[in-house]
Amino acid sequence: MATEVALSASSTDNTIHVWDIRSGSSLFSFKQSQSLKGGLTVVSKPGNGLEVGSVVSAQTDRAILNVYQFHKDQVMHKMITSEKMISVTASHQGQYLAAATAAGKVYLWHIPTGHLMRMFEAHYRPIHRLVFSYDDSTLLTASEDASVSVWLLTHLVEEDRPAPLYSWSDHTLPVTDVYVGLGQLSSARVCTASLDHTVKLWDMATGHLLTTFLFPKPVSSVLMNPSETMLFAACEDKIYSVDLYKRRQDQTYESIGGMGRVESVGIKDQHQQQNKPSLGSIFSGHTGTIHSMSLSFDGTLLISGAEDGECIVWDVASRQSLRTFSLHKGPVTHVSCFLRPIELQPNASNTLPMPWAPLKRMMSTFEEERRSTSLHIIQNTAMDMSIHHQPIEEGSFSSESERHKIRKTVSDLRELKPSDTNESLQQQVNSLRSELLRVNAHYQKTKSLQKQMYDTVVDNFMSQRKQTKKRKLEQDEDDEEEEE
């Protein structure tokens, strides 16, 4: 019978634990890993999105990605990267791995070949969260610059200078988490959480803002249940659950918010009778800031990991704590729930490890990509392999006219003088080099101006906030003195 397990990691504890969410007992552990929030991801086996084959963690102290598999508790592969990564994620079908740096760069690798498909500047502040959409058609990046960008995967693979499909900048403080709902690009919904006390719900098809949920404290983590009828938001040491649909008197349901409206959650309204919160129920039990949350497959159990070093399993219906996992010796920065791997089954037979190619630090040329096509994994039977290696008859893929065009092009190329060709290529290289230097100088200037503007806006905002709070405290003291 398929059972579910939880994987939890810490930023200071060197151990990644795998444990049973129903009993709380430890099943397996990985050694020598320390990762920040957003710096660990599980990788599905290629072609089987429900079966986890590997775990990748970005190390806090060096430019290395550790790859673990359930065959042993030590590092299976150490992938050396050109920069230190602070966040990492994998596509749901196990084909692509994305990682981001503190400088706002994103690296995208093809897992079966290890090719670096793209390296690009996504933000000008650290990127703490990377998420692939459910259909792997888009990659979302969330940064300290208070913005979230949506990138089409096809553009990242094919275009030299990809541009985001959407760039959401409605948040006023750094974005802490992103959750992408089920469905394709035309139907998915996205939740973004921020230190500005809000969770924003977006429509992926149009890029429009649907609803803003306002919470009493900064939001550190967010997710929705599988049916997307309930939203969970972690605010410091508490979790708020919000029903996204309310029941009418005629026994039908209508959605909460919409049209960009703002809905308050857990905030007392002076105009409301008996000062009751407008929306939301509270899960209370942690003593530190909650960094990560995950749900069981049926949505009945919620797992949370916090700064206090504990993981709590909650019953969603009653909001009661069922059990606590306390083997971590430091803050828990990651929690995820998935089906128990075959390697951890009681009577598991020997299984082959998920293949990994070394991650390249430089972009691959077309010739390298062409030569490595034979490394693609064929995940079928020996019969499929024999079919794959069958000889191809001449003329199966091209007509006589196409072959004639190819022969003519080859003949024309041979007639070119090498000296003329080399001189022309050198001129093109010099032109491109000068253009690159000009663009880079302009980019560095723009980046510096943007950073100055951002720092100025944040400093002014925090200064005004402190002054407002100070005036309020002084007014309260004056009121108390008058009452006395």
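Let's begin at the largest pocket of this predicted model, where strand 31 provides the largest share of the lining, six residues. Strand 31 covers residues 332-339, and it is one of several strands that each supply at least two residues to this lining. The others are strand 4 (40-45), strand 5 (48-58), strand 8 (85-90), strand 12 (127-132), strand 16 (175-180), strand 20 (219-224) and strand 27 (290-295).

How many residues line the largest pocket? There are 44 of them, and those nearest the centre are Val 42, His 92, Tyr 179, Ser 294 and Cys 337. The volume of this pocket is about 1400 Å³. If you sort the lining residues by character, you will find 24 nonpolar, 17 polar and three charged.

Now move on to the second largest pocket, with a volume of about 800 Å³. Its lining consists of 20 residues, and Glu 121, Arg 161, Leu 436, Val 439 and Tyr 443 are the ones nearest its centre. Two elements give two or more residues to this lining: strand 11 (115-121) and helix 5 (418-483). Which of the elements gives the most? Helix 5 does, with ten residues. By character, the lining of the second largest pocket splits into nine nonpolar, five polar and six charged residues.

Strand 20, which you met in the lining of the largest pocket, also belongs to an open sheet of four strands. Reading across this sheet, the order is 20-21-22-26, and the pairing is antiparallel. Strand 20 and strand 26 (281-284) are the edges, each pairing on one side only. On average, neighbouring strands here are turned by 20° against each other, direction ignored.

Take a look at how strand 26 is attached to its partner in this sheet. Strand 22, residues 238-243, runs antiparallel to strand 26 and is joined to it by four bridges. For Lys 238, the bridge partner in strand 26 is Ser 284.

Finally, it helps to set a database annotation beside the model. An unreviewed UniProt entry places the feature "repeat: WD" at residues 1-29, 120-151, 190-212 and 283-324. What does the chain look like over two of these stretches? Residues 120-151 are 0% helix and 56% strand, with the end C-alpha atoms 11 Å apart. Over residues 190-212, the chain is 0% helix and 65% strand, and here the end C-alpha atoms lie 12 Å apart.

Note on methods:
Residues are numbered from 1 along each chain as its sequence is written. This is a predicted model: local features need pLDDT of at least 70, side-chain atom pairs count only at pLDDT 80 or more; totals for chains, interfaces and linings use all residues. Side-chain values use heavy atoms; hydrogens and water are left out. On a 1 Å grid over the protein atoms alone, a cavity is a set of points where a 1.4 Å probe fits but cannot get out, and a pocket is an open set with protein on both sides within 12 Å along at least five of seven lines; lining residues have an atom within 4 Å of a point. Grid points are joined across faces, edges and corners, and a volume is the space filled by probe spheres set on the points. Ala, Val, Leu, Ile, Met, Phe, Trp, Tyr, Cys and Pro count as nonpolar, Asp, Glu, Lys and Arg as charged, and the others, Gly among them, as polar. UniProt positions are given in the numbering used here, feature names are shortened, and annotations may be inferred rather than shown by experiment. Two strands pair if DSSP finds at least two bridges between them. Axes are lines fitted to C-alpha atoms, for helices over the stretch in contact, and angles run from 0 to 180 degrees between N-to-C directions.
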